[in-house]
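Here's a quick briefing to keep beside you while you turn the model around on screen. Have a look first, then work down the bullets.

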Amino acid sequence: MSMNFLRLIGIVALTALAQGARAELKWEQTSVDLQPALGDKQAVAHFKYENVGKTPVHFTSVHASCGCTAAQTQNEQVAPGEKGEVTATFNIGGRTGTQVKTVTVQTDDPDPARARTVLTLKAVITPLLEIQPALVYWQNGEEPKPKIITAKANKAAAIKKLDVISSIPDFTAKVDAGSAPNEFKISVQPRDTSKPVYATLTIKPDSQANTFAAAARVMPPVPAPATAGSAAPQKMWRPAPAATPAASAGASP
């Protein structure tokens with residue numbers, strides 16, 4: 001029997017032995033969708049795993065995508081046949097809407113395709129109160145007719161009434177029931193539009209400690225057209241689209 005043939009048999013045997021003794025961490029799922037209840041401070045996802053290989057698996061790092069999410073493993077080493085989970089905890093704070101956070105898990109599995117796993121937590125957070133638009137405004141000299149802000153309450157919040165207070169007396173605000181359940185219409189009106197003025201509108205639901213904010217503004221006069229030899233007129237200022245405000249109490253940046 002030739003030496004080359006013996007070497008070939010040895011290589012095949014070692015390869016089969018290595019494959020039979022390899023570690024392999026199998027995940028039950030790598031993506032979790034959550035819908036936190038109203039008032040929840042955290043959303044917690046559990047990513048379960050099992051070592052279906054023949055040798056132990058060691059976690060070398062577990063890293064969350066942002067500071068608002070913490071991740072931890074039950075054990076640093078997973079024996080063959082052992083089960084466990086990685087827990088990802090997302091601190092909601094004042095965040096609303098769809099939030100997607102990831103946790104990157106690195107193990108000592110010699111196969112690069114299995115050594116690194118990205119776990120995804122998706123949380124859909126319904127706000128207590130949705131306000132649209134967050135800013136109403138009038139041009140200088142425009143007829144001071146009321147403009148409407150719509151406030152839609154989360155049905156689980158059981159909000160029956162809204163109080164709205166303007167930061168200055170130049171604007172008045174009146175609240176009426178909207179056209180849909182859990183909806184309110186806030187009618188905002190300036191006293192006059194002859195001068196620029198800005199106000200913050202504080203919106204307070206009757207059943208919650210949180211307050212919300214919107215804004216009202218009368219714009220400055222439009223600059224007069226430039227005459228011959230004078231400087232070019234300045235561009236008329238228009239407000240940028242305002243983001244939906246978050247609750248002022250308990251909100252995090």
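How many helices and strands does the secondary structure of the protein come to? The tally is two helices and 17 strands. Keep in mind that this is a predicted model. Here's what it shows, topic by topic.

**The overall picture**

- The protein has 253 residues, and 30% of them count as buried.
- About 15,000 Å² of the protein is exposed, with carbon and sulfur atoms supplying 54% of that area.
- Take the contacts between residues at least 6 apart in sequence: 65% of them join residues at least 24 apart.

**The nonpolar cores**

- The largest nonpolar core holds 24 residues, and the ones touching the most other members are Leu129, Ile149, Ile159, Phe171, Val188 and Ile203.
- Which elements give two or more residues to this core? They are β10 (129-132), β11 (135-138), β12 (147-153), β13 (162-166), β15 (183-190), β16 (197-205) and β17 (212-218).
- There's also a second, separate core of 23 residues, and it includes Val32, Phe47, Val57 and Leu119.
- Val188 is a handy residue to click on: leaving aside neighbours within four places in sequence, its contacts include Val136, Trp138, Ile149, Phe171, Leu201 and Ala216.
- Val188 also reaches Lys145, Pro146, Lys147 and Thr172.

**Strand β9 and its partners**

- Strand β9 covers residues 116-125, and its side chains alternate. That fits the general pattern, since in a regular strand side chains alternate between the two faces of the sheet.
- On one face of β9 you'll find Thr117, Leu119, Leu121, Ala123 and Ile125, which are buried. Arg116, Val118, Thr120, Lys122 and Val124 point to the other face and are not buried.
- One of the buried β9 residues, Leu119, is also among the members of the second core.
- β9 pairs with strand β2 (residues 31-34) in the parallel sense, over four bridges. To find that pairing on screen, look for Asp33, whose bridge partner in β9 is Lys122.
- β9 also pairs with strand β8 (residues 97-107), this time in the antiparallel sense and over 10 bridges. Here Thr98 stands opposite Val124 in β9.

**A four-stranded open sheet**

- What is the order of the strands in the open sheet? It runs β11-β17-β16-β13, with mixed pairing.
- β11 and β13 are the edge strands, each pairing on one side only.
- From one strand to the next, the twist averages 20 degrees.
- Inside this sheet, β16 and β17 pair in the antiparallel sense over seven bridges. Ile203 has Phe212 as its bridge partner in β17, and Ile203 is also on the list of residues touching the most other members of the largest core.

**A buried threonine**

- Thr69 sits in strand β5 (residues 69-73).
- Is Thr69 buried or exposed? Its relative accessible area is 7%, under the 20% cut-off, so Thr69 counts as buried.
- Setting aside neighbours within four places in sequence, Thr69 is in contact with Ala64, Thr89, Phe90 and Lys101.

**Salt bridges**

- A search of the whole structure turns up six salt bridges.
- Arg114 and Asp109 meet through their side chains at 3.1 Å, N to O. Asp109 is buried at 6% relative accessibility, whereas Arg114 is partly exposed at 22%.
- Glu142 and Lys147 form another salt bridge, at 3.3 Å, N to O. Glu142 is partly exposed at 27% relative accessibility, and Lys147 is partly exposed at 26%. You've met Lys147 already, as a contact of Val188.
- Asp163 and Lys161 make a salt bridge at 3.9 Å, N to O. Asp163 is partly exposed, with a relative accessible area of 39%, and Lys161 is partly exposed at 47%.
- Which residues do salt bridges with shared partners join into one network? The network consists of Asp109, Asp111 and Arg114.

Key: Residues are numbered from 1 along each chain as its sequence is written. This is a predicted model: local features need pLDDT of at least 70, side-chain atom pairs count only at pLDDT 80 or more; totals for chains, interfaces and linings use all residues. Side-chain values use heavy atoms; hydrogens and water are left out. Buried means under 20% relative accessible area, exposed over 50%, partly exposed in between (1.4 Å probe, protein chains only). Contact means heavy atoms within 4.5 Å. A nonpolar core is a set of buried Ala, Val, Leu, Ile, Met, Phe, Trp, Tyr and Cys residues joined through side-chain atoms within 4.5 Å. Accessible areas come from the Shrake-Rupley method with a 1.4 Å probe; for residues, only the protein chains shown count as cover. Two strands pair if DSSP finds at least two bridges between them. Axes are lines fitted to C-alpha atoms, for helices over the stretch in contact, and angles run from 0 to 180 degrees between N-to-C directions. A salt bridge is a side-chain nitrogen of Lys or Arg within 4 Å of a carboxyl oxygen of Asp or Glu.
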